[in-house]
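Student: Could we go through the ligand site of this model together, beginning with what surrounds the ligand and then turning to the pocket?

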Amino acid sequence: MHENIFLIGFMGAGKSTVARTLHNEYRMRLIEMDEQIEAQEGRSVSRIFVEDGEAYFRALETKLLLDLANENNTVVSCGGGVPMRGENIAAMRACGRIIYLSAAPETIYGRVKNSHTRPLLEGNMNVEYIEALMKKRLPKYLEAADLTIETDGKSALQICREILADM
Ligand code: S3P
């Protein structure tokens, strides 16, 4: 049995909610990558993008994943861009099971439309953009995933049960 769970998927796919449910209901340790990076840097993801650029943020993500190699019984809610780097996929695979949470672009849009915490969606807040970026990323999400779960219309608890049934 794998000891850690990495939740991957597009922004707004429900990774954070499912991770929190695994933490609360199944006593797994919780790591929210964006939050951890913000705490380390003392500034928001948006500010990191503005002040140091996306490449700097991506390097922080990779460093954090490599630092997780010795974790046990931990669920990691990954930033939506994490599986775009092969080295990130390798780091996750080395110490856990990778679960891709998929959701329809319309569902994603409904969840993220009023938020301003995601720099990639600023000025691009529409279903068409979300669908296009999702299409571009899909091969990497599928390449990384040990298991894909369609989340539309499902509760967080239901999704957790599907994840654990497959461990
Ligand atoms: C990103 C997703 C965000 C955050 C950053 C970049 C992406 O995390 O890491 O804004 O490239 O998809 P969430 O998926 O938790 O929103």
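Student: How many residues surround the ligand, and which are the closest?
Tutor: This is a predicted model, and a residue counts as near the ligand if one of its heavy atoms lies within 4 Å of it. On that basis the shell holds 14 residues, the closest being K15, D34, R58, R118 and R137.

Student: Which helix gives the most to the shell around the ligand, and how does that shell divide by class?
Tutor: By class, the shell is made up of 5 nonpolar, 3 polar and 6 charged residues. As for the helices, the contribution that ranks highest is 3 residues, and it comes from residues 54–67, which form helix α4.

Student: What percentage of the ligand's accessible area does the protein cover?
Tutor: Oxygen atoms of the ligand lie 2.7 Å from a side-chain N or O atom of D34 and 2.7 Å from one of R137, while a backbone N or O atom of G80 is 2.9 Å from a ligand oxygen. Of the 390 Å² of accessible area that the ligand has on its own, the protein covers 97%.

Student: Which helix supplies the largest share of the lining of the largest pocket?
Tutor: The ligand sits in this pocket, which holds about 660 Å³ of space and is lined by 36 residues, with M11, G12, K15, D34 and R118 nearest its centre. The lining divides into 11 nonpolar, 13 polar and 12 charged residues. Helices α1, α2, α3, α4 and α8 each supply at least two lining residues, and the largest share, 5 residues, comes from α1.

Key. Residues numbered from 1 in each chain as written. Predicted model: local features only at pLDDT ≥ 70, side-chain atom pairs only at ≥ 80, totals over all residues. Heavy atoms only, no water. Polar contact = N/O pair within 3.5 Å; in protein donor to acceptor, adjacent residues only side chain to side chain. Areas by Shrake-Rupley, 256 points an atom, 1.4 Å probe, with all protein chains shown as cover. 1 Å grid on protein atoms, 1.4 Å probe; cavity = no way out; pocket = protein on both sides within 12 Å on 5 of 7 lines; lining within 4 Å. Sits in = over half its atoms within 2 Å of the grid points. Helix = DSSP H or I, 4+ residues; strand = E, 2+ residues; numbered from the N terminus. Nonpolar A, V, L, I, M, F, W, Y, C, P; charged D, E, K, R; others polar. Points joined across faces, edges and corners; volume = space filled by probe spheres on them.
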